[in-house]
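Reader: Please take me through the shell around the ligand. Keep it brisk, and then show me how the rest of the chain is built around that part.

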Amino acid sequence: MKDLRIGLVGAGGASAMHYQVLSQEPAVRVVGVTDVDAARAGARSRAWGIEPYPDLASLLPHVDAVFVCTPPGHHRGPTVQAAEAGVHVYCEKPMALTLEDADAMIDACQKAGVLLQIGTNFHFLPGYRRLWQLFADGELGDLAACWIRMMNMFPTSGWDDRRQQGHWRMRPEDSGGRLFEQIHLVNWLHWVGGPVESVYGRALSVAKDLPVDDLDLAVFHFRRGYGLAELGLTPTAINEGSAGILGTEGGAVLRGDRLLLRRRDAAHEAEVPLVAVPSRQRHFLDCVRDGRTPETDGVDGRMSLAACLAFMRSAKEDRVVRIEEL
Ligand SMILES: NC(=O)c1ccc[n+]([C@@H]2O[C@H](COP(=O)([O-])OP(=O)(O)OC[C@H]3O[C@@H](n4cnc5c(N)ncnc54)[C@H](O)[C@@H]3O)[C@@H](O)[C@H]2O)c1
């Protein structure tokens, strides 16, 4: 099997995370990295023994695919440029901050016949995947409701440090807000429930000294059933999270790595064993090699983005927002 040659665009945290996985993959060669901050690209390239490139144009001729790991408002440019050069794209989440950018990215990749995978994770985490699978296999019947809750401790979650550094995550115009940054939650909900039809949301600031919302509550309406997302930075020393699906034939809940299922006619809950699933990076590599469309492709990423945009509008205008309004 010929090596797949990969380039990294952006030399920050996400890039490092992908490098760690990709460098362990057989028949894959991480060729080089580029960053608008040349010193950063230089430091990473020395640490990883790969080439630093001054810009994307000089990296593209050497690779089959790029991992776009720049901040959310800077995904469109590298994605379109790579696609036009015939290079496959794995683009970090959220795919963009506007639907116009998302559409330009999808169009460019379709026109060029290259793959576009968006970096939402939950399809590739065993617990969330198995929970979705129970529903997709019909074991829970029709959807009544699904939920996902993630309450992380503040300030030790890293948000405090970022405030000090003036990081892009602390600027709503650059990050989109907290739910955009944790768009995985939204992505999982519409994986279960199908396309989102309308959204009602509240974006609150509870830890008053953060410039971004820190408690997001959203209700997503699907064609059938609804989904609830709760995302927060708790001021107390507690981390709390779960996801679940309530159906007409049973319910299932995931807490940590423990998945419990109770069928309608069963007397007790039963634990459902989890099975390993390929990483999101492996999924992308397999799709490139086999010419398959990734599960979390541009269209899927656009649905998550539209739901987040509707959430923000709903929170601002205090009303239910339909996706078709966007
Ligand atoms: N899927 C996940 O689990 C996960 C985890 C972390 C981050 N992310 C996503 O990855 C992206 C990057 O996050 P991060 O934590 O690595 O941020 P970061 O700030 O650590 O790194 C971003 C890097 O991109 C560089 N950059 C900015 N504009 C550029 C451009 N036009 N061309 C080249 N380089 C450019 C910056 O100089 C910086 O080095 C974000 O979209 C974030 O949401 C995803």
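Author: By class, the shell around the ligand holds eight nonpolar, 10 polar and six charged residues. The model is predicted. In total, 24 residues surround the ligand, and those that come nearest are Gly 10, Gly 12, Gly 13, Ala 14 and Glu 92. Two elements give two or more residues to this shell: α1 (13-22) and α4 (76-84). The largest share is that of α1, with three residues.

Take α4 next. Its buried residues are Arg 76, Pro 78, Thr 79, Ala 82 and Ala 83. What covers them includes strands β1 (4-9), β4 (65-68) and β5 (88-91). Helices α3 (56-59) and α5 (99-112) are also among the covering elements. Just after α4, Gly 86 takes a positive phi of about 80°.

Three residues of α4 lead on to the core. Val 89 touches Thr 79, Ala 82 and Ala 83. Its other contacts, leaving aside residues up to four places away in sequence, are Ala 65, Val 66, Val 68, Cys 109, Val 114 and Leu 116. The largest nonpolar core has 83 residues, and Val 89 and Cys 308 touch the most other members. Helix α12 (residues 298-317) gives this core its largest share, nine residues. The core lies between domain 1 (4-114) and domain 2 (123-275 + 305-325), because both give residues to it. In soluble globular proteins, nonpolar side chains tend to be buried together.

Now the two domains. The assignment for the protein chain gives domain 1 as 4-114 and domain 2 as 123-275 + 305-325. Their C-alpha centres lie 28 Å apart. Each side of the contact is made of 10 residues: 10 from domain 1 and 10 from domain 2. On the side of domain 1 that touches domain 2, eight residues are nonpolar, one is polar and one is charged.

Another helix to look at is α10 (residues 183-193). The rest of the structure largely encloses α10, because 10 of its 11 residues are buried. Those buried are Ile 183, His 184, Leu 185, Val 186, Asn 187, Trp 188, Leu 189, Trp 191, Val 192 and Gly 193. Just after α10 comes Gly 194, with a positive phi of about 90°.

Asp 174 is a partly exposed residue. It sits in helix α8 (residues 172-175). Asp 174 counts as partly exposed because it has 15 C-beta neighbours inside 10 Å. Not counting residues up to four places away in sequence, Asp 174 touches Pro 71, Gly 73 and Trp 168. From Asp 174 to Ser 23 is 151 residues in sequence and 30 Å in space, C-alpha to C-alpha.

Last, the whole chain. Its secondary structure comes to 12 helices and 15 strands. The radius of gyration is 20 Å, close to the 20 Å that the globule rule gives for 326 residues, so the chain is as compact as a globular protein of that length. The C-alpha trace spans about 60 × 50 × 40 Å along its principal axes. Buried residues make up 42% of the 326 residues. Of the contacts with a separation of 6 or more, 68% join residues 24 or more positions apart.

How values were computed. Residues numbered from 1 in each chain as written. Predicted model: local features only at pLDDT ≥ 70, side-chain atom pairs only at ≥ 80, totals over all residues. Near = placed C-beta within 6 Å. Helix = DSSP H or I, 4+ residues; strand = E, 2+ residues; numbered from the N terminus. Nonpolar A, V, L, I, M, F, W, Y, C, P; charged D, E, K, R; others polar. Buried ≥ 20, exposed ≤ 12 C-beta atoms within 10 Å, placed from the backbone. Core = buried A, V, L, I, M, F, W, Y, C linked by C-beta atoms within 7 Å. Domains from an automatic or database assignment. Contact = placed C-beta atoms within 7 Å. Rg over C-alpha atoms; globule rule 2.2 N^0.38 Å.
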